[in-house]
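Please open the model in your viewer and keep the sequence panel beside it, so that each stop on this tour can be selected as you read.

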Amino acid sequence: MDHLFKLVSKTHFIMTSFEEDETEETATCLHMTFYHPCQQDKMMFRCLNFCKREQVRADEMAKFGRDSNVCHYNLVDTRVSRIQFSLQFYRKLNSSEFCFEIKNMSKKTKLTVDQTELGYLNKVDLPWKCIICFGDYQILAEIQEGEAMDYFETHLHLAKVPILQERCLPSLQPVPEKGIFPSLSPSQGKSPIEIDENESC
């Protein structure tokens, strides 16, 4: 009889544990893949924790920039602003859907999210998959859905090749007569960005 009671108790414990595992919430995860043409020489990503998920409290703002005292995600580059941009986790009104809001915190450099250009303190909802650019930095952002409300996760990756291949190629234009080149229109070149004169690699 004791043996039967122990067997039933053990079975109940296994089922309870299985049920608890099944109901455990998964966190929304923001995957971010970084690229810079000088990353091997200048090691600007050396303070980022790649290939490991990190938990961030829902009431905290994820900040990216040069100042390691303020930004958890530190970019070791004097040309990067003290705080380059921030990400805020939130839930949509009357919805169970979780999203991120990105805000440009740099006064000197514009930031683009896909085709949307953000000036200082401009913000926009982060699409489920998009490319964030500022200066020569390229970041592929992808949101993996989850249910947890108290925190989200970040998972950083390093790209070996440009995320935007076309950004690394010169604009191809026909050679006009008399050797005079027309000025680039905004659609032919990069969006205007304030950069230092010594910004080239």
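Begin by selecting phenylalanine 64, which counts as buried at 1% relative accessibility, where buried means under 20% relative accessible area, exposed means over 50% and partly exposed lies in between, with a 1.4 Å probe and protein chains only. Before going on, please note that residues are numbered from 1 along each chain as its sequence is written, and that side-chain values use heavy atoms, with hydrogens and water left out. This is a predicted model, in which local features need pLDDT of at least 70 and side-chain atom pairs count only at pLDDT 80 or more, while totals for chains, interfaces and linings use all residues.

**The aromatic pair**

Now add phenylalanine 85 to the selection, a residue that is buried with a relative accessible area of 0%. Phenylalanine 64 and phenylalanine 85 form a stacked aromatic pair, with 4.6 Å from centre to centre and 10 degrees between the planes; rings of Phe, Tyr and Trp (its six-membered ring) pair if their centres lie within 6.5 Å, and planes under 30 degrees apart count as stacked, over 60 as edge-to-face and the rest as tilted. Phenylalanine 64 lies in strand β3 (residues 61–65) and phenylalanine 85 in strand β5 (residues 85–91), so the pair ties together parts that are 21 residues apart in sequence. Strands here are DSSP runs (E, at least two residues), as helices are (H or I, at least four residues), and both are numbered from the N terminus. Next, select Phe34, Phe45, Phe50, Phe64, Tyr73, Phe85, Phe134 and Tyr137 together, since ring pairs link these residues into a cluster. A search of the whole structure finds 13 aromatic pairs.

**The nonpolar core**

Which residues touch the most other members of the largest nonpolar core? Select Met32, Phe85, Leu87, Ile102, Leu126 and Ile132, which do so among its 33 residues; a nonpolar core is a set of buried Ala, Val, Leu, Ile, Met, Phe, Trp, Tyr and Cys residues joined through side-chain atoms within 4.5 Å. The largest share of this core, four residues, comes from β11. If you then centre the view on methionine 32 and leave aside residues up to four places away in sequence, you will find that methionine 32 touches several residues, among them Phe64, Phe85 and Leu87, where a contact means heavy atoms within 4.5 Å.

**The open sheet**

Switch to a cartoon view and follow the seven strands that form an open sheet in the order β2-β12-β1-β11-β10-β7-β8, with mixed pairing; two strands pair if DSSP finds at least two bridges between them. The edge strands are β2 (53–57) and β8 (116–118), each of which pairs on one side only.

At one edge, β2 and β12 pair in the antiparallel sense over five bridges, and the bridge partner of glutamine 55 in β12 is glutamate 153. Glutamate 153 is also the bridge partner of cysteine 29, and six bridges join β1 to β12, which run parallel. At the other edge, three bridges join β7 (residues 111–113) to β8 in an antiparallel pairing, and there threonine 112 stands opposite glutamate 117 in β8.

**The whole chain**

Finally, zoom out to the entire protein, which has two helices and 12 strands. Of its 201 residues, 36% count as buried.
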